[in-house]
Amino acid sequence: MNYIQNKRPFKSRYKIFPSLPALCLGIILGFAYFIYPSFCVSAFGQDDFHAGPLYDSFQLTLAPGHRTEVLGPLYYNQQSESERTWALPPIYSHDTDPSIEMIQDDFLYPILTYRQYGAEYRWQFIELFSFAGGEDPQEFQDVHRFTLFPIYFQQRSPLTNDNYTALVPFYGHLKERLFRDDIFFILFPIYSETRKKDVINDNYLYPFFNVRHGDGMHGWQFWPVFGEEHKAVMTQTNGWGDVQINGGHDHSFVLWPIHFRQDNGIGTDDPEKIRANFPLEYLQRSPQRDSTAVLWPFFMWIDDRGQKYREWQMPWPIIIVARGEGKTTTRVFPLFSRAHNDTFEDNFYLWPVYKFNAIHSAPLERRRTRILFFLFQNTSDKNIETGKEKRRVDFWPFFVYHRDFEGNSRLQVIAPVETFVPDNPNVERDWSPVWSLWRAQDNVKTGAHSQSLLWNLYRRDTSPGAKKISLLFGLFQYQSGAETKKVRLFFIPVINSHGRTAPSAN
């Protein structure tokens, strides 16, 4: 791949528990074959031996590949094109794809995880303890980070200027962490200095006393008593050689948040003035928008000339009325609400009993219906140009149903977590097999279908011209093709090809 050219060859940094996969796999498969002696496999062939939920092996329905399951949900091994996954749900899973240089390991996800993409890697334990590193994309140097959040932060690389160490609250220096470009502190919160782009903040007894400055900007505050900030009007030349104006501002407050003043966009075509004396009044004035609040947030009036609508809130959030091209709303909370414009639609009745949202933004249209928050959800994404539609239906915790743009679908019965973290591949890989009592998949392109009950206690696979059925640990098996038919009872062939009775085992 282009982005890894001229770098050293891909090499896994996964060195912990190197023999764990082989050990666990050997124990489980050994137990399975002890229950079902090896002569069954040798007699019937690997693809013809089915004993779900103790052991089953089958082709994938929605993608090219193969999957083996042992002891119900406790072990599976799956190969799909270049990606291979094996797992002991929910304890451990190992997922690799050499084509994109990817390795993923989960231990009781999301408690302990390992991720590697190319030369970059990261270990984390409940996001408090982590190791991370790899090659810097600009400097092509190894960078290694260690974090014990929020106590210790460390980074090491051959470029010593990029190194940092921080031991909170005593002393430290951080770079590009915690949403800041630079952080330096001594006996925090006694003193700290942060930088975001060109703005530098010096904090003394954070958050009470602060002094800040930047390109054309300076200010200070003794929070919450008094504070002020001024930024001058600046100009810059963009990539096309045009001169642009960066608006200035003047901010101040007294006894925050009771009284504050803001003048924004100074020097631009859309200057804005805000005056507030909470909770008595709030005033906003600009060429594009005016708003007035009395006893905020209960009573407010908005005249938005930019979005072309007027709105009355009396009191917020109980009664809201808006009219205009940019927004039309009628709300009496919690009885009902209807709000819409050219792009968005948001309605509810007897909130939270029924709620509907829609986004109309060509070429896609999204519609979502919810009943009692997450109890029931129906979400659809439609391509207006092609007419193809993707749909997801959740009825928590009973089932989740997916259908993609090509019409392929899958149904999972019992889904206690999937509703809250939709389309999360880690949950689907590590946890879904544990409670999936019923699985059904349909491939429109190939005509393949599969159903599985109780981890293959009953399993049915069909495709054009072929059918397989296995029931009760494989004690009953049926298989048919274009010219063949096979039936086994207690693993003994009783019908083999064109319905002929098999010869006696004697």
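This note goes through the overall make-up, nonpolar cores, cavities and backbone exceptions of a predicted model.

1. Overall make-up. The protein has 506 residues, and 35% of them are buried. Its secondary structure consists of 45 strands and 4 helices. The exposed surface comes to about 29000 Å², with carbon and sulfur atoms supplying 64% of that area. Of the contacts between residues at least 6 apart in sequence, 18% join residues at least 24 apart.

2. Main nonpolar core. In soluble globular proteins, nonpolar side chains tend to be buried together. Here the largest nonpolar core contains 14 residues, and Phe 49, Tyr 75, Trp 86 and Tyr 114 have the most contacts inside it. Three strands, β4 (83–88), β6 (102–107) and β8 (120–125), each give two or more residues to this core.

3. Another core. Apart from the largest core there is another one, made of 11 residues. Its members include Phe 253, Ala 276, Ala 293 and Met 300.

4. Cavities in general. The model contains 2 cavities of 30 Å³ or more. The largest has a volume of about 50 Å³, and the second largest has about 40 Å³.

5. Lining of the largest cavity. One stretch of sequence contributes Arg 67, Glu 69, Gly 72, Pro 73, Tyr 75 and Tyr 76 to the lining, and Pro 433, Ser 436, Arg 439 and Trp 455 complete it. The elements giving two or more residues are β2 (66–70) and β3 (75–80). By class, the lining divides into 5 nonpolar, 3 charged and 2 polar residues. Tyr 75 is thus listed in this lining and also among the residues with the most contacts inside the largest nonpolar core.

6. Lining of the second largest cavity. The residues here are Arg 392, Val 400, His 402, Arg 410, Gln 412, Glu 418, Glu 428 and Ser 432. At least two of the lining residues come from β37 (399–403), and at least two from β38 (409–413). The classes are 4 charged, 3 polar and 1 nonpolar. Anyone checking protonation states may want the names of the charged class at hand: Arg 392, Arg 410, Glu 418 and Glu 428.

7. Cis peptide bonds. Tyr 109 and Pro 110 are joined by a cis peptide bond with omega of about 5 degrees. Pro 110 sits in the loop between β6 and β7 (112–117), and β6 is one of the strands that give two or more residues to the largest nonpolar core. A cis bond also runs from Phe 333 to Pro 334, where omega is near 0 degrees. Pro 334 belongs to the loop between β30 (328–332) and β31 (336–340).

8. Positive phi at Phe 179. This residue is not a glycine, yet its phi is positive, near 65 degrees. Phe 179 lies in the loop that runs between β13 (171–177) and β14 (180–186). Its relative accessibility is 72%, over the 50% cut-off, so Phe 179 counts as exposed.

9. Positive phi at Phe 490. Phe 490, likewise other than glycine, has a phi of about 55 degrees. Its place is the loop between β44 (485–489) and β45 (492–496). With a relative accessibility of 59%, Phe 490 is also over 50% and therefore counts as exposed.

Methods
Residues numbered from 1 in each chain as written. Predicted model: local features only at pLDDT ≥ 70, side-chain atom pairs only at ≥ 80, totals over all residues. Heavy atoms only, no water. 1 Å grid on protein atoms, 1.4 Å probe; cavity = no way out; pocket = protein on both sides within 12 Å on 5 of 7 lines; lining within 4 Å. Points joined across faces, edges and corners; volume = space filled by probe spheres on them. Core = buried A, V, L, I, M, F, W, Y, C linked by side-chain atoms within 4.5 Å. Buried < 20%, exposed > 50% of the residue type's maximum accessible area, 1.4 Å probe, protein only. Contact = heavy atoms within 4.5 Å. Areas by Shrake-Rupley, 256 points an atom, 1.4 Å probe, with all protein chains shown as cover.
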